Amino acid sequence: MPEPTKKEENEVLAPAPAPPPEEPNKEKEAGTAPVKEPNKEKEAGTAPAKEPNKQKEAGTAPAKEPNKEKEAGTSPGKDEEDASPPGGLPPEWSIGESPVGEEQDKQNANSQLSILFVEKPQGGTVKVGENITFIAKVKAEDLLRKPTVKWFKGKWMDLASKAGKHLQLKETFERHSRVYTFEMQIIKAKENYAGNYRCEVTYKDKFDSCSFDLEVLESTGTTPNIDIRSAFKRSGEGQDDAGELDFSGLLKRREVKPQEEQPEVDVWELLKNAKPSEYEKIAFQYGITDLRGMLRRLKRMRRVEKKSAAFARILDPAYQVDKGGRVRFVVELADPKLEVKWYKNGQEIRPSTKYIFEHKGCERIMFINNCVLTDDSEYYVTAGDEKCSTELFVREPPVMVTKQLEDTKAYCGERVELECEVSEDDANVKWFKNGEEIIPGPKSRYHIRVEGKKHILIIDGATKADSAEYSVMTTGGQSSAKLSVDLKPLKILTPLTDQTVNLGKEICLKCEVSENITGKWTKNGLPVQETDHVKIVHKGRIHKLVIANALVEDEGDYVFTPDDYSVTLPAKVHVVDPPKINLDGLDADNTVTVIAGNKLRLEIPISGEPPPKALWSRADKAIMEGSGRIRSENYPDSTTLVIDIAEKDDSGVYHINLKNEAGEAHASIKIKVVDIPDPPVAPNVTDVGDDWCIMTWDPPLYDGGSPILGYFIERKKKQSSRWMRLNFDLCKETIFEPKKMIEGVAYEVRIFAVNAVGISKPSMPSKPFVPLAVTSPPTLLTVDSVTDTTVTMKWRPPDQIGAAGLDGYVLEYCFEGSTSAKQSDENGEAAYDLPADDWIPANTELIEKTKFTITGLPTDSRIYVRVKAVNAAGASEPKYYSQPILVKEIIEAPKIRIPRHLKQTYIRRVGEAINLVIPFQGKPRPELIWTKDGAPIDKNQINIRNSETDTIVFIRKAERSHSGKYDLQVKVEKFVETASIDIRVIDRPGPPQLVKIEDVWGENVALSWTPPRDDGNTAITGYTIQKADKKSMEWFTVIEHYHRTSATITELVIGNEYYFRVFAENMCGLSEDATMTKESAVIAKDGKIYKNPVYEDFDFTEAPMFTQPLVNTYAVAGYNATLNCSVRGNPKPKITWMKNKVVIKDDPRYRMFSNQGVCTLEIRKPSPYDGGTYCCKAVNDLGTVEIECKLEVKGGLSFCRLLLQGVPPNIIDSYLRDLHSSNPEE
């Protein structure tokens, strides 16, 4: 029957069921109705199963009942070749095994670059009953969630539904490496688990898959009794292996339970009345495997359901007949006059001996005699304009095995032939080895020869691996036999012999065995590979290993092992070589030069087999191996002389002696130790210019054993640490002229000596030198002070000092009358042209300060003064004072400037340090007198330090005895200035004098006490009262910071007896001790009548009283000043401020504040006019009180104007003092 066209295949929308199988041993007559049980013979006309990728042969037989032998015309193919998958999949689809057409696709898919897999599952082999695990790994770095992984067997069998006792699926995730691991474990594998598997991983739009194979080996060597047709039946729910991994893809005989006899069912009627979605279920239930043929037949059956006008009865949908049999086609016409024509594949059939036509009434009959496979085709008959069609299936009879295979024994390498005979010529026969089909090919060792009914399996060059059970299978039977391949007995005709050869000679290992077989050579247990150096020869029964040029590495234990035999032929090879010393790396005279201080490691290559023993010596003294400074080290291929720190004395000739069992060798090496030269002595700078100098030096005392090649010169600035090289070409002479130096910068130079070894250490730097240039004259020469015998001058540094710096100044003077004046235009000042002998130096050595005092001058004399700046280049032009100076001291009245914080009482605690600095003015130097409370100060307790401008009072640890009024008197001749400072040193107070219990009533106790005798030199700020129960005597604070000397303690516990104590407190803290009541207070429980005390009203009225007075204050003109005092009184007094007895009222320059008794007067930006006497008056109903202070305003416009006009400060002070003395009232 021809293959279905592409149009017909496209019309198949759902899987079509195949016709039900028929009973194996019965034949159905042609023309019978197609309604039988599933396990009985298939009726004529059913479509047989076709083999994929091959053309359909005419006359193939339909499928038979599973578990029975396949009838003639069918092929013993696998499941994937005979079963079509659901859903309209192509016929190449596989359940258990990978089809031949997919092998290349699977290899191409596995060779493609993986998208998601980092490790793919690999195929494996497992024995029946053992376990095997397949692992797939997916990288999760770029994945936001877990990927989806599915395991399949074949193409569509999802293994997730098969998980159970024989299959387990696991998955894990490693957080550190971010890799998902998926495992499929097969437990207690069975033979039908073998086949092709596939793992698919998906993540969003990414997809990756991998195929792998599982091979299951049988545990026994027997060949199973294979039923080809059993592979077409799936495991049902009622069988023992339901739910296991039964993929029905193996040629294995399976025991089938006898099925109960069921009533006959017309499968085609079920299919015609069923929905297309139920076709696959019905086909599976009734064993129909040719789904496409079933679908085509259903289409024809449905198509002919129309009422025909020409035919009363049409042809059956299909007919089936055995090869050589006779088939009968019958139609019944509605009108016997209609002409009938018969067609086969579109060609009209003419009557002949093969085709016989009969007419019986309205019946028209066609017989086909002696049916052959070519008669398997489509037939139709026409009557008028109508026609009806059918299909004829010709079934071949089963091919039987007439001559069985016989067990065979053979030796390795022989040709083996296994022969059998079948019942028909050129029948389709399949050969198997241990249950696996043998597929011959051009590169296969298996060949099949067919001679009529005789079939022969030929194995060329049999090996032990060919030992197995071989079987042949036909459509009607099978036969099996065992093939046993053994090795021939092996005899050693010529064994290997041990050899000792010299280095470079040929090594030839030869042996001869009784058989022409291959073998392997090993050396020291490792395989020997043939190379250009090693040749392996095999000629017949002789085996050779030839090494043309023997090396030391060729020594070892050689073994020849014949293939497939446990016999070994060993031999030892020993390579010897006389010792040799290789001095090719040295000079012609074998001299080695080493720098002193370096480590010499002289490695001399040596050779010899066995490795020779080396001995170093010098001057008949052996150099031993060890840890000395000079030692030797020996290795198999070299000997080394080591000198850790080379010295000059190590120079000399060293000898090497080598010795082994093959001979001796000697050599000598000369070692020369050289060094860098010593550093030269410090260079001398003989001449200096503006930017250059001339320097000379002497060669170094030791040249390091190599001639001096030249010198390098470096210079640096004196203040820098960075040296700069002046020449890049060696200087051959010992004189050099550095140039391009900066004028006025101090430089140093140094020298490096150079020989063939290297550069010496630098010489000591030369003495610093500076390219010289004098400075400009000093500026602003003025008189600082004058006494009866001295004149103090000060000036400013020169405007242009120059890069060379400034070494100091020279101050000179001369007396008036010894020279004649000469006017100069420079700066409008008077200069004097005087002979050098008339000027007297005031300082014998250079001074760095810009102030100097000329001493030893006669009183009332007049002098001229000049100053010069001096550096390394010499003295600058002099700077003259503009007029002669009268040597007579100016008297300045003394003045004490008390700091603001000392104008009030200065308070310090006991143990603290007191350091008071009081500046003053006055000329000549005033005389200072300190007194305390009118008595001289004890300098053993109080340190007084005086200078020209201030006096310091220092007490390291203050004591209360240091408290008092300190008076300072500054006296300059008849002028006297005094000032006072109040110092108070305070400490913690003593305890109260007496604490009494005044009264006890109820839960209350009235206490009173007297203030302490010692208040710590400061006011008592409060008291702390504590109580204690007589039983425990634990003290608890009742009241803190209490200001009165009596208190009432409440909320005491009735029935307890209490003691009380009181601490005094001042600004330094609580007293160290407390005063306790002598008697205790008993809180009576009951029966005591409380008597209310009688209290008198306290009079809180008080006359005004200043608690903090006003103090004399100094203010600076232009800066705000404040006057402060504190007052108390009840009722609250009224505050009035007055200046010079005049009430201050509605003046915007004054602001008055009063807060909590503190009165403040703020004067905004005062001027000298605001100075005077200020008064604060407090008035209430009980009295009036006043307090005064003086305010002095310093500065003002006159002082600033004089200062801006350039008047010296001492002259301004004299002027103000004279102005004050002329107006004492102001």
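Modeller: Buried means a relative accessible area under 20%, exposed means over 50%, and partly exposed lies in between (1.4 Å probe, protein chains only). The model is predicted, so local features need pLDDT of at least 70 and side-chain atom pairs pLDDT 80 or more, while totals for chains, interfaces and linings use all residues. Residues are numbered from 1 along each chain as its sequence is written, and side-chain values use heavy atoms, with hydrogens and water left out.

Colleague: Thanks! Which strands each supply at least two residues of the largest nonpolar core?

Modeller: A nonpolar core is a set of buried Ala, Val, Leu, Ile, Met, Phe, Trp, Tyr and Cys residues joined through side-chain atoms within 4.5 Å. The largest has 29 residues, with Phe 134, Val 138 and Trp 151 among those that have the most contacts inside it. Strands here are DSSP runs of E of at least two residues, numbered from the N terminus. Those supplying at least two core residues each are S3 (132-139), S4 (148-153), S7 (179-186), S8 (195-203) and S9 (206-217).

Colleague: Where does the aromatic pair of Trp 151 and Phe 212 sit, and how far apart in sequence are its members?

Modeller: Rings of Phe, Tyr and Trp (its six-membered ring) pair if their centres lie within 6.5 Å; planes under 30 degrees apart count as stacked, over 60 as edge-to-face and the rest as tilted. The whole structure holds 20 aromatic pairs, and Trp 151 with Phe 212 is an edge-to-face one, at 6.2 Å centre to centre and 80° between the planes. Both Trp 151 and Phe 212 are buried. Trp 151 belongs to strand S4 and Phe 212 to strand S9, and the separation is 61 residues.

Colleague: Which residues form one aromatic cluster with Trp 151?

Modeller: Trp 151 is buried, as is Phe 212. One aromatic cluster joins Trp 151 to Phe 134, Tyr 197 and Phe 212.

Colleague: How far apart in sequence are the parts that Arg 629 and Glu 647 tie together?

Modeller: A salt bridge is a side-chain nitrogen of Lys or Arg within 4 Å of a carboxyl oxygen of Asp or Glu, and that rule gives 42 of them. Arg 629 pairs with Glu 647, with 3.8 Å between the closest N and O atoms. Arg 629 is in the loop between strands S40 (621-623) and S41 (630-635) and Glu 647 in the loop between strands S42 (638-643) and S43 (652-660), so the parts tied together are apart in sequence by 18 residues.

Colleague: And Arg 960 with Asp 1014: how many residues separate them?

Modeller: The closest N and O atoms of this salt bridge are 2.7 Å apart. Arg 960 sits in the loop between strands S68 (950-955) and S69 (964-972) and Asp 1014 in the loop between strands S72 (1004-1009) and S73 (1022-1029), a separation of 54 residues.

Colleague: Over the ring of which residue does the charged end of Arg 725 sit, 4.0 Å from its centre?

Modeller: Arg 725 is partly exposed, at 28% relative accessible area, and forms a salt bridge with Glu 714 at 3.8 Å between the closest N and O atoms. A charge sits over a ring if NZ of Lys or CZ of Arg is within 6 Å of the ring centre and within 35 degrees of the ring normal. Arg 725 does so 6.0 Å from the ring centre of Phe 752; the ring at 4.0 Å belongs to Phe 712.

Colleague: Is Phe 173 buried or partly exposed?

Modeller: The ring of Phe 173 pairs with that of Tyr 180, which counts as buried at 14%. Phe 173 has a relative accessible area of 30%, so the residue is partly exposed.

Conventions: Helix = DSSP H or I, 4+ residues; strand = E, 2+ residues; numbered from the N terminus.
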